[in-house]
Amino acid sequence: MATASKARIILEGLVREGSFKWLLSKRSSFDEEFEEMGRSPSASRSWIAELSPLANMIVRRCSKILGISASELQESFNVEASDSVKHPSRYARNFLEYCCFRALAMSVQVTGHLTDKKFRRLTYDMMLAWEIPAAASQHLVNIDEDLTVGLEAFSRIAPAVPIIANVIISENLFEVLTMSTGGRLHFSTYDKYLSGLERAIKKMKTQSDSSLLSAVRFPRGEKIIEVDGTVTSQPVLEHVGISAWPGRLILTDHALYFEALRVVSYDKPKVYDLSEDLKQVVKPELTGPWGTRLFDKAVSYKSISLSEPVVIEFPEFKGHSRRDYWLSIIQEILYVHRFINKFQLTGVEQDEALSKAVLGILRLQAIQEISVNFAHYENLLMFNLCDQLPGGDLILETVASMSSIRELERMNNYKAGGGMYSISAFAMISNLGFVFGSSSSNSNEARLAVGEIAVGEMSSLERAVKESRNNYKKVVLAQETVNEVKVDGIDTNVAVMKELLHPVVEVGKWLLAMASWDDPVKSLVFCLIFTYVIWRGWLAYAFGMALIFVAMFMVVTRLCNQGQPVDELKVPAPPPMNTMEQLLAVQNAISQAEQVVQDGNVVLLKFRALLLSCFPQASEKFAVALLCMALILVFIPSKYIVLLTFLEAFTRYSPPRKASSERWLRRLREWWFSIPAAPVVLEREKEDKKKK
């Protein structure tokens with residue numbers, strides 16, 4: 001009673017002194033509640049001294065939703081939470097998370113909760129309170145500005161409602177929502193996003209219940225996710241040969257269907273399966289009239305079940321955002337089934353994975369309505385994102401382990417209260433009124449009750465995502481340096497490459513000088529040293545020492561240049577070239593490459609002639625040489641073979657051997673030139689393409 005009286009006195013004093021004036025003037029949702037907390041004895045008894053006024057208000061709302069008092073909530077938390085979670089330095093925030101998770105799990109079970117303005121305001125205010133949970137943190141708020149939400153608060157509270165966000169994409173989603181507000185989320189933007197989610201949910205339900213689509217037979221009980229091509233102003237075209245045919249495109253949770261449009265109806269749909277392991281490849285494609293490749297507005301689907309790729313075009317006057325959207329959602333369904341097949345998920349585990357993919361597509365549709373400039377759709381789809389992020393495979397492994405029924409049962413038994421974890425995607429999508437997956441209709445099968453976030457702890461998934469994002473930032477920084485050093489023009493790139501290869505070229509020149517015996521003394525010393533190294537079997541040690549030297553050079557360079565910028569590579573710029581000169585340089589490079597390929601073909605054809613004995617005398621000599629090489633490899637130790645090879649190569653132009661070496665090389669060239677090439681006949685197949 002003394003504590004309650006003291007709390008009431010404090011509240012009355014705060015209201016009387018105007019300490020809540022900044023909240024009352026800017027957050028109308030708190031008006032009545034703060035006034036009540038200042039007047040009502042029952043409200044003052046629910047005041048928790050460790051929490052800030054804003055956090056106390058959220059706990060009070062949560063207690064109303066759950067039908068229990070704040071003190072009972074606190075008692076439950078003290079019983080269920082571990083000692084580390086209840087540490088005084090983290091108590092306020094962790095207790096607030098516990099209340100939020102329990103209240104949200106109850107709130108989302110109400111049909112149409114996204115349309116409820118109180119629910120929207122509640123989730124946003126939870127994020128506000130998360131940033132200032134403790135009584136001592138209230139003074140950190142700038143009362144001269146509107147309260148907004150930061151990334152960390154959004155990433156902890158929003159994934160507790162899986163339709164709003166999940167752990168993997170929460171940071172990307174926050175960046176999209178705050179592109180124009182300097183990295184802080186305003187309620188107006190958040191409210192528009194939730195309104196877009198509600199419209200996306202209604203659209204998906206309408207498509208599933210549409211009488212026009214009910215005639216399409218889905219043998220596996222598939223559910224429709226997206227439909228396009230029903231409006232004449234936005235057709236969908238399937239390319240067949242050099243012609244294109246309009247139709248209706250349907251994406252389900254298992255496959256892609258295309259129904260060609262006839263006069264008054266649609267043809268039987270063509271099915272492109274996304275759930276089976278058919279080595280499918282879905283990628284952007286160029287299309288154009290009569291088979292030309294002009295417009296980047298199509299999607300190509302290829303699998304081992306098709307003789308040739310299928311090209312589906314999404315025409316639009318400007319850009320290719322419509323194609324990019326469809327490409328992303330098709331890939332998301334494809335990737336989620338690859339995830340399911342890889343980890344052999346079945347039953348509820350499979351439904352959980354499908355639910356995550358469907359919720360991601362709903363979020364993407366909501367963002368499309370409020371963000372016109374957003375183009376990177378794949379960043380908001382978790383399976384697409386994991387395919388791009390470094391360590392994305394580790395994230396998916398963590399998701400699979402968290403979806404394990406055994407693991408969930410273990411966590412449920414340990415946290416029997418059910419408030420220490422957020423709800424799962426499967427539970428979320430079931431509460432929204434969707435029925436996805438094979439086990440959804442089985443009432444006897446347990447649902448996944450545990451989500452991705454734990455009160456006061458960083459889950460294994462959050463750790464995997466954090467590590468992956470840190471690595472991704474390093475990749476982005478490295479890619480920026482790559483983009484900076486790219487130069488235009490063949491001559492400029494050749495000049496840069498020559499400068500980079502200068503040390504290698506110099507070493508090569510030095511070795512050639514040693515082998516040419518330009519300086520007999522140096523060459524003799526070099527040969528004696530390497531002969532001794534090979535004879536003693538120290539060749540591996542020599543290469544090892546070279547690598548150690550390079551590693552030591554790198555370490556010393558790092559220590560000496562620590563904190564200093566890297567020395568720039570200075571490249572003498574070649575004289576400028578006009579367009580015609582650049583074209584001639586390209587033509588010359590192509591001609592040289594063609595000559596290299598021709599010479600390579602001649603060598604291969606001559607070896608073919610030797611093997612087929614087109615020139616018997618040469619073939620006999622070649623066979624004898626192969627026999628001698630085989631005997632050498634069998635009977636002589638490899639150390640001596642390496643030694644003989646080295647001596648042969650590096651003493652070839654020494655004074656005692658120079659004349660005989662030149663004579664033998666001349667005879668070898670004459671023998672090689674005398675070998676005819678095997679004949680070649682080019683056969684061109686007649687291609688009969690169907691034209692419709």
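Which residue's side chain meets that of Asp125 in a salt bridge? In this predicted model, the partner is Arg121, with N and O 3.0 Å apart. The two sit four residues from each other in helix α8, which spans residues 117-131, so about one helical turn separates them. Neither side chain is out in the open: Asp125 is buried, at a relative accessible area of 0%, and Arg121 is buried too, at 13%. The pair also has company, since Arg61 joins Arg121 and Asp125 in a network of salt bridges.

That network belongs to a bigger set, as the structure holds 21 salt bridges. Another one of them pairs Arg156 with Glu97, and here the closest N and O atoms are 2.8 Å apart. Arg156 belongs to helix α9 (residues 151-157) and Glu97 to helix α7 (residues 91-107), so this salt bridge ties together parts that lie 59 residues apart in sequence. Once again the partners are tucked away. Arg156 counts as buried at 10% relative accessibility, while Glu97 is buried with a relative accessible area of 2%. As a general point, side chains of opposite charge can pair when their charged atoms come close.

A further salt bridge brings together the side chains of Lys356 and Glu452, at 2.8 Å from N to O. Distant parts of the chain are linked here: Lys356 is in helix α14 (residues 347-370), whereas Glu452 is in the loop between α18 (425-431) and α19 (460-485), and the two are 96 residues apart. Both Lys356 and Glu452 are buried.

Lys356 and Glu452 turn up again when the empty spaces inside the model are considered. Three cavities of 30 Å³ or more were found, and the second largest has a volume of about 80 Å³. Its lining takes in 14 residues, and those nearest the centre of this second largest cavity are Pro162, Asn166, Lys356, Ala425 and Glu452. Helix α14 gives the largest share of that lining, with four residues. Sorted by class, the lining of the second largest cavity comes to six nonpolar, four polar and four charged residues.

Just before Ala425 in the numbering, the chain offers a small local detail. Ser424 lies in the loop between α17 (405-414) and α18, and it counts as buried at 1% relative accessibility. A polar atom of the Ser424 side chain is 3.2 Å from the backbone nitrogen of Ala427.

What about open spaces? The largest pocket has a volume of about 1,000 Å³. It is lined by 31 residues, with His239, Val240, Gly241, Glu308 and Pro309 the closest to its centre. Strands feature in this lining: the elements that give two or more residues to it are β2 (236-240), β3 (243-252), β4 (255-260), β5 (270-273), β6 (281-287) and β8 (310-313). By class, the lining of the largest pocket divides into 11 nonpolar, nine polar and 11 charged residues.

Turning to the cysteines, how many disulfides does a search of the whole structure find? The count is zero. Cys62 shows how this plays out at one site: its closest cysteine sulfur is in Cys100, at 4.8 Å, which is too far for a bond, given that a disulfide needs the two sulfur atoms within 2.5 Å. Burial differs between two of the cysteines, with Cys62 counting as buried at 0% relative accessibility and Cys628 being partly exposed, with a relative accessible area of 41%.

One last residue comes from helix α19, where Lys466 is found. Lys466 counts as partly exposed, at 47% relative accessibility. Along the chain, Lys466 and Ile395 are 71 residues apart, and their C-alpha atoms are separated by 9.8 Å.

Note on methods: Residues are numbered from 1 along each chain as its sequence is written. This is a predicted model: local features need pLDDT of at least 70, side-chain atom pairs count only at pLDDT 80 or more; totals for chains, interfaces and linings use all residues. Side-chain values use heavy atoms; hydrogens and water are left out. A salt bridge is a side-chain nitrogen of Lys or Arg within 4 Å of a carboxyl oxygen of Asp or Glu. Buried means under 20% relative accessible area, exposed over 50%, partly exposed in between (1.4 Å probe, protein chains only). On a 1 Å grid over the protein atoms alone, a cavity is a set of points where a 1.4 Å probe fits but cannot get out, and a pocket is an open set with protein on both sides within 12 Å along at least five of seven lines; lining residues have an atom within 4 Å of a point. Grid points are joined across faces, edges and corners, and a volume is the space filled by probe spheres set on the points. Ala, Val, Leu, Ile, Met, Phe, Trp, Tyr, Cys and Pro count as nonpolar, Asp, Glu, Lys and Arg as charged, and the others, Gly among them, as polar. A polar contact is a pair of N or O atoms within 3.5 Å; within protein, one must be able to donate a hydrogen and the other to accept it, and residues adjacent in sequence count only if both atoms are side-chain atoms.
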